[in-house]
Amino acid sequence: MSAADAPPRERDPFRAHRWSPRVRWRLLPWWARVALIYAGARAITTVFLLVLADLQGPNGWTDARPGYFEYANIWDARWYELIAAIGYPAVLPLTDGGHVAENQWAFLPVYPGLVRAVTLTGMSWEVASVLVSVAAGLGAALVFHRLMRRFLAPDQAMFAVVLFCVAPVAPIMQVGYAESLAFLWMAIALLLLVDRRYGWLVPVVALWAFTRPGALAFALTLGLHWIVRFVRRHDDPFPMRERMVVASVAVFTGVVGLAWPAIAWIATGDLAAYFDTELAWRSAYIGYGDLVPFTAWFQGAEWWFGHALGTVGSWAVVVVLVAAFGAALFAPWVRRLGVDLRLWLASYALYLLAVFFPQSSTFRLLAPLFPLAGALAVPRARWLRWTFVIGSLALQLGWLVVCWAIIGRDWTPP
């Protein structure tokens with residue numbers, strides 16, 4: 001029988017489509033997809049940073065048109081390098097007016113210690129700091145995916161990772177800052193909490209407490225988690241052993257969350273060493289004063305908006321923001337994240353409201369609310385997802401221009 005007389009071959013649908021990009025993507029293991037998403041997002045951010053570096057003029061940290069790694073180690077990154085080089089001051093530096101000046105005690109030791117260990121290989125500080133940040137950010141993205149899979153379908157969990165990787169302040173994961181390492185500890189701690197593997201939280205929160213502030217907020221989360229489980233114990237058993245473990249871990253988290261101020265006190269002999277150091281960063285706005293919880297946002301609102309809205313109007317802005325955030329925690333998309341993640345969101349927001357003065361670091365300090373990316377990943381409409389991604393990248397570029405590029409002034413008043 002000739003070839004012309006042979007019966008037509010049946011079409012193999014799998015053979016026809018198995019090498020399409022969508023199929024090839026789905027054949028990859030989840031961790032490879034997360035890694036590729038993270039790498040792609042970091043590549044886009046690298047382009048943003050390189051463009052800004054090329055436009056950068058001479059400044060207090062770099063010459064004009066610095067290289068990437070040099071440009072990634074400006075602002076607070078220099079404090080971490082100083083810590084690695086000489087440690088923390090035993091005598092607090094003072095301003096001409098006799099107030100505590102900005103100094104290393106505002107920054108915690110795990111990140112600079114880890115970067116310094118990497119430099120022992122012969123790598124420069126600038127390269128090592130970025131390498132540690134990028135690696136920790138990848139770890140955070142991987143753990144965040146596993147966390148989202150506890151609540152969302154596979155495609156939604158993966159899109160939550162996309163939003164995490166392209167978030168407006170995601171560039172912080174590839175510069176000489178400790179945030180990405182803190183994101184890793186946070187994601188692990190939240191995953192352990194959701195999975196109720198309480199004992200493993202002890203080493204994680206210990207590392208977190210000495211990487212970035214926020215452990216106190218997690219102690220509140222654990223306390224609220226205990227209350228919720230106790231109230232629901234008839235439907236969700238909460239045996240005495242678990243009650244004791246959760247309570248113990250909550251107390252431990254609170255203790256390590258307060259350990260750094262205590263260490264600063266012991267090292268300097270000044271009970272308020274840490275708090276006065278932190279307050280130095282807001283002195284350019286409102287002068288020096290004591291730390292009074294739950295007043296800084298109202299002071300900040302009055303500083304930013306008081307000239308236009310007056311005291312009452314500016315305070316109303318804070319009330320509206322707090323109310324809007326509280327309402328958002330009960331929105332359907334956010335409720336998909338479960339009780340524990342919403343307890344964290346509420347606890348961390350309350351922590352910021354209690355101690356933080358809103359200024360140029362505001363957006364960066366909001367980043368630990370990253371589980372909200374899971375809420376934005378719930379809708380599946382492609383146009384909405386593309387809007388989220390493009391909007392995030394636009395905001396990312398805006399954040400870099402406003403808060404990273406050195407243009408002769410920053411948000412701090414003269």
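Ser314 is found in helix H15, which spans residues 296-328. The model is a predicted one. Ser314 is buried, with a relative accessible area of 0%. Residues up to four places away in sequence are not counted among its contacts. Beyond them, Ser314 touches Ala301, Glu302, Phe305, Gly306 and Leu309.

Phe294 lies in the loop between helix H14 (283-286) and H15. Its relative accessibility is 40%, and Phe294 therefore counts as partly exposed. Neighbours within four places in sequence were again left aside. The remaining contacts of Phe294 are Leu350, Leu353 and Ala354. Phe294 was also compared with Ala219. These two residues are 75 residues apart in sequence. In space, their C-alpha atoms are 18 Å apart.

Aromatic rings were examined next. A search of the whole structure finds 31 aromatic pairs. One pair joins Tyr348 and Tyr351, whose ring centres are 5.9 Å apart. Their planes stand at 35 degrees, so the pair is tilted. Planes must be under 30 degrees apart to count as stacked and over 60 to count as edge-to-face. Both tyrosines belong to helix H17 (residues 338-355). Tyr348 and Tyr351 are three residues apart there, so about one helical turn separates them. Tyr348 is buried, at a relative accessible area of 2%.

Ring pairs also build a cluster. Its members are Trp79, Tyr80, Phe107, Tyr111 and Trp281.

Two arginines place their charge over an aromatic ring. The charged end of Arg146 sits over the ring of Trp30, at 4.3 Å from the ring centre. The charged end of Arg233 sits over the ring of Phe230, and here the distance to the centre is 4.0 Å.

Helix packing was described for two pairs. The first pair is H11 (residues 215-231) and H12 (residues 240-268). Their axes come within 8 Å and cross at roughly 165 degrees. Angles over 145 degrees count as roughly antiparallel. H11 and H12 are therefore roughly antiparallel to each other. Their crossing is left-handed. On the H11 side, the contact is made by Ala215, Leu216, Phe218, Ala219, Leu222, Gly223, His225, Trp226, Arg229 and Phe230. On the H12 side, the contributing residues are Glu242, Arg243, Val246, Ala247, Val249, Ala250, Thr253, Gly254, Gly257 and Leu258. Phe230 thus appears in this contact, and its ring also lies under the charged end of Arg233.

Thr253 gives a closer view of H12, the helix that holds it. Thr253 is buried, with a relative accessible area of 0%. With residues up to four places away in sequence not counted, Thr253 touches Val205, Ala215, Phe218, Ala219 and Leu222. Among these, Ala215, Phe218, Ala219 and Leu222 are also listed on the H11 side of the helix contact.

The second pair is H3 (residues 30-55) and H8 (residues 154-165). These helices pack at an angle of about 25 degrees, with their axes 9 Å apart. That angle makes H3 roughly parallel to H8. H3 passes H8 in a right-handed crossing. H3 contributes Trp30, Arg33, Val34, Ile37, Tyr38, Ala41 and Arg42 to the contact. H8 contributes Met158, Val161, Val162 and Cys165. Trp30 is one of the H3 residues in this contact, and its ring carries the charged end of Arg146 over it.

Val115 lies in helix H6 (residues 110-119). Val115 is buried, with a relative accessible area of 0%. Outside the residues up to four places away in sequence, Val115 touches Trp125, Ala128, Ser129 and Val132. Val115 and Trp125 are ten residues apart in sequence. Their C-alpha atoms are 7.2 Å apart in space.

Backbone angles were considered last. Trp75 has a phi near 55 degrees, a positive value in a residue other than glycine. Trp75 is found in the loop between helix H4 (68-71) and helix H5 (77-86). Its relative accessible area is 17%, and Trp75 is buried. Arg196 also has a positive phi, of about 60 degrees, although it is not a glycine. Arg196 sits in the loop between helix H9 (179-194) and helix H10 (201-209). Arg196 is partly exposed, with a relative accessible area of 33%.

Terms used: Residues are numbered from 1 along each chain as its sequence is written. This is a predicted model: local features need pLDDT of at least 70, side-chain atom pairs count only at pLDDT 80 or more; totals for chains, interfaces and linings use all residues. Side-chain values use heavy atoms; hydrogens and water are left out. Rings of Phe, Tyr and Trp (its six-membered ring) pair if their centres lie within 6.5 Å; planes under 30 degrees apart count as stacked, over 60 as edge-to-face and the rest as tilted. Helices (H or I, at least four residues) and strands (E, at least two) are DSSP runs, numbered from the N terminus. Buried means under 20% relative accessible area, exposed over 50%, partly exposed in between (1.4 Å probe, protein chains only). A charge sits over a ring if NZ of Lys or CZ of Arg is within 6 Å of the ring centre and within 35 degrees of the ring normal. Axes are lines fitted to C-alpha atoms, for helices over the stretch in contact, and angles run from 0 to 180 degrees between N-to-C directions. Angles under 35 degrees count as roughly parallel, over 145 as roughly antiparallel, 65 to 115 as roughly perpendicular and the rest as oblique. A crossing is left-handed if the near helix is turned anticlockwise from the far one by less than a right angle, and right-handed if clockwise. Contact means heavy atoms within 4.5 Å.
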